[in-house]
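This report describes the fold of one protein model and the surroundings of its ligand. The sequence and the coordinates are shown first.

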Amino acid sequence: MKDIKVGVIGCGYWGPNLIRNLNENPDTDVVYACDLDKGKLERIKLRYPNIDTSMDYKDLLRDDRIDAVAIATPVFTHYAIAYEAIERGKHVLIEKPFTSNVREAESLVDLASQKGVILFVDHTYLYTGEIKRIKELVNSGDIGDLYYLDAVRINLGLFQQDINVIWDLAPHDISIIDHIFGEDPVSVSANGTSHTSSGIEDVAFVTLKFQGSFIAHLHINWLSPVKIRKIILGGSKKMVVFDDLDTGSKLKIYDKGIMFARVNEKVSYTNRIQYRIGDMHAPHIESVEALQVMIRHFAECVKKKKRPLSDGVAGLRIVRILEATEKSLRKGGIKIDI
Ligand SMILES: NC(=O)c1ccc[n+]([C@@H]2O[C@H](COP(=O)([O-])OP(=O)(O)OC[C@H]3O[C@@H](n4cnc5c(N)ncnc54)[C@H](O)[C@@H]3O)[C@@H](O)[C@H]2O)c1
């Protein structure tokens, strides 16, 4: 018996992936789907004849069968839909980026807490085997002190009409950094430019600075001729490369680094640096669709009233950083304290 009845709002590119995974999960069942576009609903109906459809999301929210809604609409609509859903006591699974600004994110977090419903943000990468493994390596101390994270997420991307490339792609990397490092950055600076008349930035470079010497850099770009999805995490003991497009081993752990001889030793500067060039290890990580794992966790949180790994508070932290990137962009890339 599938206990959790779900309505899915937004059946464009991502919504159907949620519907498929929600239907494949033993605890969740999509009973209603909504989109402003009739054609998209007809395609859903062809594949899932038992799902009711509507062009008005309020129909889903009024439906007493529905325990939870999944929201996969453009970000500028997230707040209003999620707010109404929570007010009606529905659990909410909402796509990244959580909201368009901090004020909206805080309001949803407060309301969900008042209403006692689960507010879950789909930061999909946190549910990949590779990020889970990296987090374990960091927690166990195997990576050592964290030095930097360098993320490249570029391709000839789908130009969005409402958000720039940072709001579109950076939530993935920022949520990964938030999860792995576990601390808020102290400042952010962002540079970006638009190459269309829309003025919406399509290429951007973002730098996040943290307390201590950890630093992160994101390169996000909708105008690249090649697709790259790569993260390098440098630590004092190990360095890790996560290449999401590698069909063989996505995760590689390098035993490489440098060591400094003690300063008072009478050796030249060059001789003080010693290089460690050890083995590379590519651990076997079971290939499971991240969305499947994410939905499993969502269902568990709803059933057991557990706090999600990517809850509204985590979503708010990411939006706070995104909002700061926006301020930095508008001020020519200056450092914005967070
Ligand atoms: N987690 C991920 O990896 C991932 C990947 C892609 C997209 N997303 C996120 O999913 C969301 C949707 O992105 P997409 O690429 O599917 O966009 P999309 O434009 O392909 O689809 C959005 C759909 O929402 C519908 N819609 C808009 N307003 C609506 C409303 N008020 N009521 C009902 N339907 C409405 C549109 O008609 C459209 O079909 C965004 O927040 C995006 O960032 C997440």
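The sections below cover the domains, the sheets, the helix packing, the ligand shell and the backbone geometry.

## Model and domains

The model is predicted. The protein is divided into two parts: domain 1 takes in 4–123 + 290–311, and domain 2 takes in 126–287 + 321–337. Their C-alpha centres lie 29 Å apart. On the domain 1 side the contact takes 14 residues, and on the domain 2 side it takes ten residues.

Helix 4 (75–87) and helix 9 are the elements that give two or more residues to the side of domain 1 that touches domain 2. Helix 9 supplies four residues, the largest share of that side. By class, the side of domain 1 that touches domain 2 has nine nonpolar, four polar and one charged residue.

## The six-stranded sheet

One open sheet is formed by six strands in the order 3-2-1-4-5-6, and its pairing is parallel. Strand 3 (52–54) and strand 6 (119–122) stand at the edges with a single partner strand each, so one side of each has no neighbour in the sheet. From one strand to the next, the twist averages 25°.

Within this order, strand 1 (residues 4–9) pairs with strand 4 (residues 68–71) in the parallel sense, over four bridges. Val6 is found opposite Ala68 of strand 4. Helix 9 (residues 290–304) packs on the sheet and touches strand 1, strand 2 (28–34), strand 4, strand 5 (91–95) and strand 6. The direction of helix 9 makes about 175° with that of strand 6.

## The nine-stranded sheet

A further open sheet has nine strands in the order 14-13-12-11-7-10-9-8-15, with mixed pairing. Its edges are strand 14 (273–281) and strand 15 (336–337); each has a single partner strand, so one side of each is left without a neighbour in the sheet.

Strand 11 and strand 12 form a hairpin, with three residues between them. They run antiparallel and are joined by five bridges. Strand 12 (residues 239–243) also pairs with strand 13 (residues 251–260), in the antiparallel sense and over four bridges. Phe242 has a residue opposite it in each of these pairings: Ile231 stands opposite Phe242 on one side, and Phe242 stands opposite Leu251 of strand 13 on the other. Met239 is placed opposite Tyr254 in strand 13.

## Helices on the nine-stranded sheet

Helix 7 (residues 165–181) lies across strand 7 (146–156), strand 8 (187–193), strand 9 (203–209), strand 10 (215–221) and strand 11 (223–235). The helix runs at about 155° to strand 10. Helix 10 (residues 312–330) also packs on the sheet, where it touches strand 8, strand 9 and strand 15. Between the directions of helix 10 and strand 8 the angle is about 55°.

## Helix 5 against helix 10

How are helix 5 and helix 10 oriented to each other? Their axes come within 9 Å and cross at roughly 170°. Helix 5 and helix 10 are therefore roughly antiparallel, since angles over 145 degrees are counted in that class.

Helix 5 contributes Val102, Ala105, Glu106, Leu108, Val109 and Ala112 to the contact. From helix 10 come Gly312, Val313, Gly315, Leu316, Val319, Arg320 and Glu323. Sorted by class, the contact has eight nonpolar, two polar and three charged residues.

## Ligand shell

The ligand is surrounded by 22 residues, of which Gly10, Gly12, Tyr13, Trp14 and Glu95 are the closest. The shell divides into ten nonpolar, six polar and six charged residues.

## Backbone geometry

Most residues other than glycine have a negative phi, and most peptide bonds are trans. Two sites in the model depart from these patterns. The peptide bond from Lys96 to Pro97 is cis, and its omega is near -15°. Pro97 belongs to the loop between strand 5 and helix 5.

Lys305 is not a glycine, yet its phi is positive, at about 50°. Lys305 is located in the loop between helix 9 and helix 10.

Definitions and conventions
Residues numbered from 1 in each chain as written. Predicted model: local features only at pLDDT ≥ 70, side-chain atom pairs only at ≥ 80, totals over all residues. Near = placed C-beta within 6 Å. Nonpolar A, V, L, I, M, F, W, Y, C, P; charged D, E, K, R; others polar. Pairing = 2+ DSSP bridges. Contact = placed C-beta atoms within 7 Å. Axes fitted to C-alpha atoms, helices over the stretch in contact; angles between N-to-C directions. Domains from an automatic or database assignment. Parallel < 35°, antiparallel > 145°, perpendicular 65-115°, else oblique.
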